[in-house]
Amino acid sequence: MIDIVVVLRAEDAVLDFLSVLTDDRGGETRVVLGDRAETVTLPAGSDTAERLALLAPYVGPAPRELSSPEPAVLVGLVREAGARAGRAVRIWTHSPADNRRGRGRLGRDTAAAVASAAGHGAGPEVRHAVGYSPYLQFVSDLDRPLGPRRIEAKLDFVNHSCGHLLTEENPEYLVQTPHIPATERFFDADPEQRERLYALLASLDDEAASVVDPWEFATSPYEAQRLDATAAWVRDRCPAAGGTLVEVGACEGALTRRLAAAGFTVRATEPNPVFRPRLAAALAGADTVTVDGEGLAELAKEDTGARADAHLLIEMFYYGQDPALLDDLATDRVFVALEPEALGLYIRPWLERSANWRAEEEVVLVPPRVETVCSGRAYLSKRGSVGLLLRRTTS
C-alpha cells in the first residue's frame, strides 16, 4: 500500500498529514503539490527528518492569487502518481469544508478526480483531513495523536520552513496555532457529503448553489422553525391575506411557499442564476407568485407607482448590501431578519443614523441551536434569528 497525499501547498502536507508522512510502516509516500502540479516522492526507509527536508524547498512565499488545479489536471496527477506506485494506493487530501477555500476546493476536486480516474471501478480509498474548520465540529473516523517526537518535528518545520507564513496577512496562507493540530483527524465521505460540505462553506458566494438546498431548509428542524416563525411574523403584522410582498433573495422558495400559503401575493426575486430556475420550478403553478432576477440594488432603482405592502430581506445582509438602498424601495415597511451579531454589525449603526426609517418592532424569531449538518458528518452552532420591522418615517 502506498499513501498519496494531495495538498494545495507543501506546508499543508506537514501541518495536516504528518502522521501519514511518518507512518510507522516506513513505506514510500507520494505528495502531490497542487500549486505546482508536481509530485514529491518520499522514499521507503527514510526517517522523519529526511522526509521533511525533501518537502522544505517547496514551501514558497504566499502568492497574491492561488486556486487549486483544474479537475482535469488533478485527474492526470492522481493517475500518474497511482500508476507509478505499481500497487494499491490510498489517497489523503483536504476537507471540502476547510475554511481556506483553495484547500476546500482541492479536497472536493481530488475525490472527484480519484473517482474519474477509477472509471467504473471502486477506486482507491479517499480520506479527508479535518484541517482548519473553525465553524464546524467534525465526526471523524480516524484520530492520530502525534506524541512529543512528531509534534517537535512539526513545530521545527514550521519555525524553519514556514516562518514567513506566521505573519502572513492573507488568511488563506497564514499559519498560526489553530492550523497546527497536535492530533490529526480524518474522515471518510461519500460524494453527496463532499458536495454539501463544500457548498456549506461557500455560503457567501455563488458556489453555495452547487447543490440543491445547501442550507438544508427541507430537513433542518432549526431552519423549519425559523421559516415558520418568520412567515407567522409577517402574516401577523401585514394587512389581511391578499397583500403584496416583495421577497428579496428568495433562494429556492422555502419562505416563499409559506407566504403564498398564507394568502399573500409574492414577488420573489433571486439574482443568483443557479438558484432562480430552482425557485421558479418550486413555485410553478402558484398563481400568486412571480419570480424575477432583481437584487436589492435593482429594486431600489425601479421607477414604479405600485407600492408593495412590505419588502422582506430575510437573512440577506450578509452579502455586502448597503442598507441605505432601503430608502429607494417602493414600500413603507421592511421586514429584516439576521442573526443577532450580524444585526448589530450591519443594521443597527445604519438605523441609528437614518432619518427615513425607525424600528417599529424587534422580535426573536428563533433562539440559537446546535445542529448536525451533512447527514451527521459535522455539527455547528446556528446563532438564532432576530427580526426588525422597519417603518418609513418620511413620505
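Which side-chain oxygen reaches to within 3.1 Å of the backbone nitrogen of Glu192 at the start of H6? That oxygen belongs to Asp190. Keep in mind throughout that this is a predicted model.

Let's stay with helix H6 for a moment, since there is plenty to look at. The helix covers residues 191-201 and is mostly covered, with 8 of its 11 residues buried. The buried set consists of Gln193, Arg194, Arg196, Leu197, Tyr198, Ala199, Leu200 and Leu201. As for what they pack against, the partners are helix H4 (101-118) and the strands S5, S6 (137-138), S8 (183-187) and S15 (369-373).

Two of those partners, S6 and S15, lead us to a sheet. This one is open and has 3 strands, ordered S6-S16-S15, with antiparallel pairing. S6 and S15 are its edge strands, each with a single partner, so one side of each has no neighbour in the sheet. If you want to trace the pairing of S6 with S16 (residues 378-382), look for 2 antiparallel bridges. One place to start is Gln137, whose bridge partner in S16 is Tyr379.

Another of the H6 partners, S5, takes us on to strand S4. S4 and S5 (residues 125-129) run parallel and are joined by 4 bridges; across this pairing, Arg90 stands opposite Glu125 in S5. S4 also pairs with strand S1 (residues 2-7), again in the parallel sense, over 5 bridges. Here you'll find Ile2 opposite Val89 in S4.

How covered is S4 itself? Mostly: 5 of its 5 residues are buried. That holds for both faces, with Val89, Ile91 and Thr93 buried on one side and Arg90 and Trp92 buried on the other. So don't expect an exposed face on this strand, because even Thr93 has a relative accessible area of 0% and counts as buried.

Thr93 is worth a zoom. This residue sits in S4, which spans residues 89-93. A polar atom of the Thr93 side chain lies 2.9 Å from the backbone oxygen of Val6. Leaving aside neighbours within four places in sequence, Thr93 is in contact with Val6, Phe17, Leu106, Gly107, Thr110, Val126, Arg127, His128 and Ala129.

Next comes a hairpin. Strand S2 (residues 29-33) and strand S3 (residues 38-42) pair in the antiparallel sense over 5 bridges. Within that pairing, Arg30 has Thr41 as its bridge partner in S3. The hairpin has 4 residues between the strands, and Ala37 takes a positive phi near 55 degrees, so to speak a handy spot to check on your Ramachandran plot. Finally, there's the matter of empty space. The structure holds 1 cavity of 30 Å³ or more, and about 60 Å³ of space lies in the largest cavity. Its lining is made up of Met1, Asp3, Val20, Leu21, Thr22, Asp23, Arg25, Gly26, Gly27, Glu28, Thr29 and Arg51. Sorted by class, that lining has 5 charged, 4 polar and 3 nonpolar residues.

Terms used:
Residues numbered from 1 in each chain as written. Predicted model: local features only at pLDDT ≥ 70, side-chain atom pairs only at ≥ 80, totals over all residues. Heavy atoms only, no water. 1 Å grid on protein atoms, 1.4 Å probe; cavity = no way out; pocket = protein on both sides within 12 Å on 5 of 7 lines; lining within 4 Å. Points joined across faces, edges and corners; volume = space filled by probe spheres on them. Nonpolar A, V, L, I, M, F, W, Y, C, P; charged D, E, K, R; others polar. Buried < 20%, exposed > 50% of the residue type's maximum accessible area, 1.4 Å probe, protein only. Polar contact = N/O pair within 3.5 Å; in protein donor to acceptor, adjacent residues only side chain to side chain. Contact = heavy atoms within 4.5 Å. Pairing = 2+ DSSP bridges.
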